[in-house]
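Hi there,

Here is the structure I promised to pass on to you. Have a look at it first, and then read on for what turned up when I went through it.

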Amino acid sequence: MKDLLSFVLILVIGVFSSCGSDDTEEIINEILFDGKTLVGENGVAVDVGSSENHYEFTFAISDGDINHVSGSGSIQFSTSAEFYLLFGAASLGTNQFNTGTFQFKSVIDAVPDDNFFFSGSFKEGGNSQTLNVTDGTITISGTSPNYTLQFDLTLTGDKKLTGAFVGTFTLE
């Protein structure tokens with residue numbers, strides 16, 4: 001009986017102790033910029049299609065209504081929200097857009113054999129000018145149309161934008 005009690009006690013201790021590597025950190029839908037916390041509410045993803053050895057999407061997120069506007073030769077969006085973030089992302093492969101980690105590349109750089117993002121811009125209500133992305137990474141996960149975008153970006157003037165957008169994108 002004593003051996004059985006010891007076995008049950010060891011089993012109970014094992015059940016109630018967990019390994020830290022089993023715990024996953026929840027991603028919060030918050031973007032941090034210039035001491036402010038911004039919460040994205042809407043996302044639009046435009047399927048641009050394949051180009052060279054990549055498949056491209058253009059993403060737009062905002063805290064208000066955001067609409068894709070057909071532009072002549074470029075993709076444009078309109079919004080009256082407090083903030084917006086726009087960028088193009090190119091995943092390696094030509095059949096579909098694939099999630100992963102995307103490193104910033106300027107449009108003048110040679111096309112890499114990896115995921116990359118380009119032409120990023122950000123505007124926040126307290127800032128009268130649009131800031132361009134100058135460096136950073138974006139990690140995109142999930143499956144269409146539900147994506148999680150995690151940001152670690154440097155903008156014009158060495159300003160930082162970090163955080164995440166978690167939501168359902170309108171696909172166009």
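The side chains of D34 and K159 meet in a salt bridge, with N and O 3.7 Å apart. D34 sits in the loop between β1 (31-33) and β2 (36-38) while K159 belongs to strand β12, so this pair ties together parts of the chain that are 125 residues apart in sequence. D34 is exposed, because its relative accessible area is 52%, whereas K159 is partly exposed at 30%. Please keep in mind throughout that this is a predicted model.

How many salt bridges does the structure hold? There are two. The other one joins E124 to K36, and here the closest N and O atoms are 2.8 Å apart. This pair also links distant parts of the chain, with E124 in strand β9 and K36 in strand β2, 88 residues apart. E124 has a relative accessibility of 3% and therefore counts as buried. Its partner K36 is partly exposed, with a relative accessible area of 35%.

E56 is a charged residue you may want to look at next to those. You will find E56 in strand β4, which covers residues 54-62. E56 is buried but has no salt bridge, and the nearest side chain of opposite charge, K105, is 15 Å away. What does E56 touch, leaving aside its neighbours within four places in sequence? The contacts are V46, D47, V48, G49, S51, A89, A90, F97 and F118.

Now for the overall picture. The protein chain has one helix and twelve strands, and along the sequence the helix is followed by the strands, in the pattern α-β-β-β-β-β-β-β-β-β-β-β-β. Of its 172 residues, 36% count as buried. The accessible surface comes to about 10,000 Å², and carbon and sulfur atoms account for 50% of that. If you take the contacts between residues at least 6 apart in sequence, 53% of them join residues at least 24 apart.

The aromatic residues deserve a paragraph of their own. The count comes to 16 aromatic pairs. One of them is F59 with F169, an edge-to-face pair at 5.4 Å centre to centre with 80° between the planes. This pair links distant parts of the chain, as F59 is in strand β4 and F169 is in strand β12 (residues 159-171), 110 residues apart. F59 counts as buried because its relative accessibility is 0%, and F169 counts as buried because its value is 3%. F169 also pairs edge-to-face with Y147, at 5.8 Å centre to centre and 70° between the planes. That pair again links distant parts of the chain, Y147 in strand β11 and F169 in strand β12, 22 residues apart. Are Y147 and F169 buried or exposed? Both are buried.

These rings belong to a cluster. Ring pairs link Y55, F57, F59, F87, F97, F102, F104, F117, Y147, F151, F165 and F169 into it. F97 is thus a member of the cluster and also one of the contacts of E56.

Two more residues are worth picking out in your viewer. The first is N115, in the loop between β8 (100-104) and β9 (116-124). Why does N115 count as buried? Its relative accessible area is 13%, and the cut-off for buried is under 20%. A polar atom of the N115 side chain lies 2.8 Å from the backbone nitrogen of L92. Not counting residues up to four places away in sequence, N115 touches A90, S91, L92, T99, G100, T101, F102 and Q103.

The other is Q150, in strand β11 (residues 146-155). Q150 is partly exposed, because its relative accessible area is 31%. Which residues is Q150 in contact with, leaving aside its neighbours within four places in sequence? They are I27, T137, I138, T139, G163 and A164. Q150 and F165 are 15 residues apart in sequence, and their C-alpha atoms are 6.6 Å apart in space. F165 is one of the rings in the aromatic cluster.

Happy to go through any of this with you.

Best wishes

Notes:
Residues numbered from 1 in each chain as written. Heavy atoms only, no water. Helix = DSSP H or I, 4+ residues; strand = E, 2+ residues; numbered from the N terminus. Buried < 20%, exposed > 50% of the residue type's maximum accessible area, 1.4 Å probe, protein only. Contact = heavy atoms within 4.5 Å. Areas by Shrake-Rupley, 256 points an atom, 1.4 Å probe, with all protein chains shown as cover. Polar contact = N/O pair within 3.5 Å; in protein donor to acceptor, adjacent residues only side chain to side chain. Lys, Arg positive; Asp, Glu negative; His and termini not counted. Salt bridge = Lys/Arg side-chain N within 4 Å of Asp/Glu carboxyl O. Phe/Tyr/Trp six-rings, centres within 6.5 Å; stacked < 30°, edge-to-face > 60°.
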